[in-house]
Amino acid sequence: MRNGGRLLLHVYECQWDKSHSPCGMHIEGDQASVTDHLARFHGFTGGEGETACLWDGCTSKKRSAMKGTSVARHLVTHIGYKIKCMACNVDYAREDACRRSHANARSDCQRMQLAPVHGTGVITLRVQTCEPPAKKRHFADA
Ligand SMILES: [Zn+2]
Ligand SMILES: [Zn+2]
Ligand SMILES: [Zn+2]
C-alpha cells in the first residue's frame with residue numbers, strides 16, 4: 001500500500017519460543033510470511049508429523065499435538081490477522097477462504113474488495129521507498 005511515496009508495513013512481534021530463544025523479530029501477519037519466517041529463523045518447516053505450538057502464551061487445547069502443516073495457519077489466529085471483504089463486510093481467516101466463499105455465492109457480493117484486518121498487536125512501520133540517498137558530491141577543499 002503506497003502512501004505518499006512511503007510504504008506502510010504492518011508487522012507483529014514474533015513470539016515463537018519467546019521465553020527460550022526469542023528471535024526478536026517482527027513479521028507480517030499473513031500465513032505465507034509466517035511460514036517463511038518459521039522456516040528461515042526457527043528452522044521449523046512443518047511436515048505431517050505432530051508438533052507443539054511454541055507461541056508465547058498459547059492456550060489452545062491443540063497446542064501440543066498439532067499437525068506441522070497447520071501451525072502457520074494457527075499462528076495467524078494468534079496474530080489476529082484476517083482478510084475482510086469490504087463490499088459484504090465479512091471477515092475471513094485467509095484470502096483463499098474469502099475467494100472460495102465468493103466463488104460459491106457470487107450473487108451475494110458482486111465486487112469482492114479485499115482488505116487486510118490487523119490484529120491488536122499490530123505495529124505500523126513507515127518505510128521509505130525511495131532509493132538510498134545519492135552519494136554526496138565531493139567538493140575538494142578550497
Ligand atoms: Zn521468530
Ligand atoms: Zn498456539
Ligand atoms: Zn464480498
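1. In this predicted model, the helices α1 and α2 pack at an angle of about 115°, with 9 Å between their axes, and their crossing is right-handed. The residues that meet there are Q31, V34, T35 and L38 on the side of α1, and A72, R73, L75 and V76 on the side of α2. Sorted by class, this contact between α1 and α2 is made up of five nonpolar, two polar and one charged residues.

2. A72 deserves a separate remark within this pairing. When its neighbours within four places in sequence are left aside, A72 is in contact with Q31, V34, T35 and L38, and these four residues belong to α1, where they take part in the meeting with α2.

3. Helix α2 covers residues 71-79, and its buried residues are V71, A72, L75, V76, H78 and I79. Viewed down the axis of α2, these buried residues fall within an arc of 155°, so they line one face of the helix. The cover over them includes α1 (31-42), together with the strands β2 (6-13), β4 (50-51) and β5 (66-67). After the helix comes G80, whose phi is positive, near 90°.

4. The largest nonpolar core of the model holds 14 residues, and those with the most contacts inside this core are V34, A72, L75, V76 and I79. The elements that contribute two or more residues to the core are α1 and α2, and of the elements it is α2 that gives the most, with five residues. Several names recur here: V34, A72, L75 and V76 are also among the residues through which α1 and α2 meet, while I79 is listed with the buried residues of α2.

5. For the wider setting, the protein has three helices and nine strands, which follow one another from the N terminus in the order β-β-β-α-β-β-α-β-β-α-β-β. Of its 142 residues, 15% count as buried, a figure that should be read with the cut-off in mind, since a residue is called buried here if 20 or more other C-beta atoms lie within 10 Å of its own. Among the contacts between residues at least 6 apart in sequence, 51% join residues at least 24 apart.

6. One question may help when the coordinates are inspected: which elements cover the buried residues of α2? Helix α1 and the strands β2, β4 and β5 are included in that cover, and for α1 the packing can be followed residue by residue, from Q31, V34, T35 and L38 to A72, R73, L75 and V76.

How values were computed: Residues are numbered from 1 along each chain as its sequence is written. Chains are lettered from A and ligands numbered from 1 in the order in which they are written. This is a predicted model: local features need pLDDT of at least 70, side-chain atom pairs count only at pLDDT 80 or more; totals for chains, interfaces and linings use all residues. A residue is buried if 20 or more other C-beta atoms lie within 10 Å of its own, exposed if 12 or fewer, and partly exposed in between; C-beta atoms are placed from the backbone. Two residues are in contact if their C-beta atoms, placed from the backbone, lie within 7 Å. The arc is that of the directions from the helix axis to the C-beta atoms. A nonpolar core is a set of buried Ala, Val, Leu, Ile, Met, Phe, Trp, Tyr and Cys residues joined through C-beta atoms within 7 Å. Axes are lines fitted to C-alpha atoms, for helices over the stretch in contact, and angles run from 0 to 180 degrees between N-to-C directions. A crossing is left-handed if the near helix is turned anticlockwise from the far one by less than a right angle, and right-handed if clockwise. Ala, Val, Leu, Ile, Met, Phe, Trp, Tyr, Cys and Pro count as nonpolar, Asp, Glu, Lys and Arg as charged, and the others, Gly among them, as polar.
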